[in-house]
Amino acid sequence: MSGPTIRTMRREDLPLALDWAAAEGWNPGLADADCFFAADPEGFLIAEAAGEPVGCVSAVRYDDGFGFLGFYIVRPEFRGRGCGLALWQAAMRRLQPGVVGLDGVVAQQENYRRSGFALLHRNIRYGAVAPRAPRIPDAPRVVDAAALPFAALAAFDRAHFPAPREAFLRAWLTAPGHVARAVQGPDGLRGYAVLRPCREGSKIGPLFAGDGAIARALLASLVEAAPPGPVFLDLPEPNADAVAMAVAAGMAPAFETARMYAGPAPGLPLGRIYGITSFELG
């Protein structure tokens, strides 16, 4: 096989990449294509050999200083033929010279390290077929996020993510089937979270909260709103309270990734990050 051709995906290409992700067991969301494309319409690459799609990668550039690499998939029958390397090099060219993050499967961690990435922490996917909604005395009031000004949500999100992502956030908050909830305090927004339906059950992410009571109130609200099926929460392992919250809800570890960065790791407030947005986009 001659070297693959790498091109930018069109919107109509994304469902194929999501099918590949589902085949890998990554359980994509039902509305992920539109939301992901909104984050960076130029940020998804596909490899073709003799006109046939053989692999993909995302290289989403949030701003000049930060990007995230994900969706790194080569069809099994085309692995070991240079397709993965060509995709990787194209993605890194697009994201450099800024800081690049990724959530890599554990088996590939050493390969990423050789490419200049350093491990910061593990992210763990917790899940349960029927998680228990936390019960909190004097729980803070949870409201629909749509009732709040978008600017307030975007500012709160920016405090918990390495770069602005307004276009993505608008799509994520309003996509079909997504449920977005928030907690407002006397001094402004105190937390927000989103539940999205997936091919199997649903996932909660992000879940950003000023403290554990707010996080648990948001989790309870979204568990109660979830459709039938398992519910998953991807959380940073260093947040011990997030782990305790998931365990108390009857959730168990199901999958993990290595959060790694090429370049200086962002100084995120992990103690307030109870659920990351997605393994594909950070």
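Me: Let's start with strand pairing in this predicted model. Which residue in E12 stands opposite Ala118?

Reply: Ala118 stands opposite Tyr261 in E12. To read a pairing, take the two strands, then their sense, then the number of bridges. Here strand E6, residues 118-128, pairs with E12 in the antiparallel sense, over nine bridges.

Me: What does strand E5 pair with, and over how many bridges?

Reply: Strand E5, residues 99-105, pairs with strand E12, residues 252-262. The sense is antiparallel and there are six bridges. Gly101 stands opposite Tyr261 in E12. So that you can follow this in the viewer, note that two strands count as paired if DSSP finds at least two bridges between them.

Me: How should I think about side chains along a strand?

Reply: In a regular strand, side chains alternate between the two faces of the sheet. For a residue to look at, try Leu119, which lies in strand E6.

Me: Is Leu119 buried, partly exposed or exposed?

Reply: The idea is to compare relative accessibility with two cut-offs: under 20% is buried, over 50% is exposed, and in between is partly exposed. Leu119 has 40% relative accessibility, so it counts as partly exposed.

Me: Which residues is Leu119 in contact with, beyond its neighbours within four places in sequence?

Reply: Leu119 is in contact with Gln109, Arg113, Ala258, Arg259 and Met260. You can also check a C-alpha distance: Leu119 and Ala265 are 146 residues apart along the chain, and their C-alpha atoms are separated by 9.4 Å.

Me: Now the backbone. What should I expect for phi and for peptide bonds?

Reply: Most residues other than glycine have a negative phi, and most peptide bonds are trans. The exceptions are worth finding on screen.

Me: Where are cis peptide bonds found here?

Reply: One joins Gln96 and Pro97, with omega about 10 degrees. Pro97 lies in the loop between helix H3 (83-95) and E5. Another joins Gly205 and Pro206, where omega is about 0 degrees. Pro206 has its place in strand E10, residues 202-209.

Me: Which residue in the loop between helix H1 and helix H2 has a positive phi?

Reply: That is Asn27, whose phi is about 55 degrees although it is not a glycine. The loop runs between helix H1 (14-23) and helix H2 (32-39). Asn27 has 10% relative accessibility, so it counts as buried.

Me: And is Asp138 buried or exposed?

Reply: Asp138 counts as exposed, because its relative accessibility is 78%. Asp138 also has a positive phi, near 55 degrees, and sits in the loop between E6 and strand E7 (142-144).

Me: Let's zoom out. How many helices and strands does the protein chain have?

Reply: There are eight helices and 13 strands. To read overall compactness, set the radius of gyration beside what the globule rule gives: here 18 Å is close to the 19 Å for 282 residues, so the protein chain is as compact as a globular protein of that length. The C-alpha trace spans about 65 × 35 × 35 Å along its principal axes.

Me: What share of the residues is buried, and how far apart in sequence are contacting residues?

Reply: Buried residues make up 57% of the 282 residues. Among contacts between residues at least 6 apart in sequence, 72% join residues at least 24 apart.

Me: What about the surface and the charges?

Reply: The protein chain exposes about 11,600 Å², and carbon and sulfur atoms supply 54% of it. For the charges, the mean positions of the 27 positive and 28 negative ones are 1 Å apart.

Conventions:
Residues are numbered from 1 along each chain as its sequence is written. This is a predicted model: local features need pLDDT of at least 70, side-chain atom pairs count only at pLDDT 80 or more; totals for chains, interfaces and linings use all residues. Side-chain values use heavy atoms; hydrogens and water are left out. Helices (H or I, at least four residues) and strands (E, at least two) are DSSP runs, numbered from the N terminus. The radius of gyration is taken over C-alpha atoms; the globule rule is 2.2 Å times the number of residues to the power 0.38. Buried means under 20% relative accessible area, exposed over 50%, partly exposed in between (1.4 Å probe, protein chains only). Contact means heavy atoms within 4.5 Å. Accessible areas come from the Shrake-Rupley method with a 1.4 Å probe; for residues, only the protein chains shown count as cover. Lys and Arg count as positive and Asp and Glu as negative; His and the chain ends are not counted. The place of a charge is taken as NZ of Lys, CZ of Arg, CG of Asp or CD of Glu.
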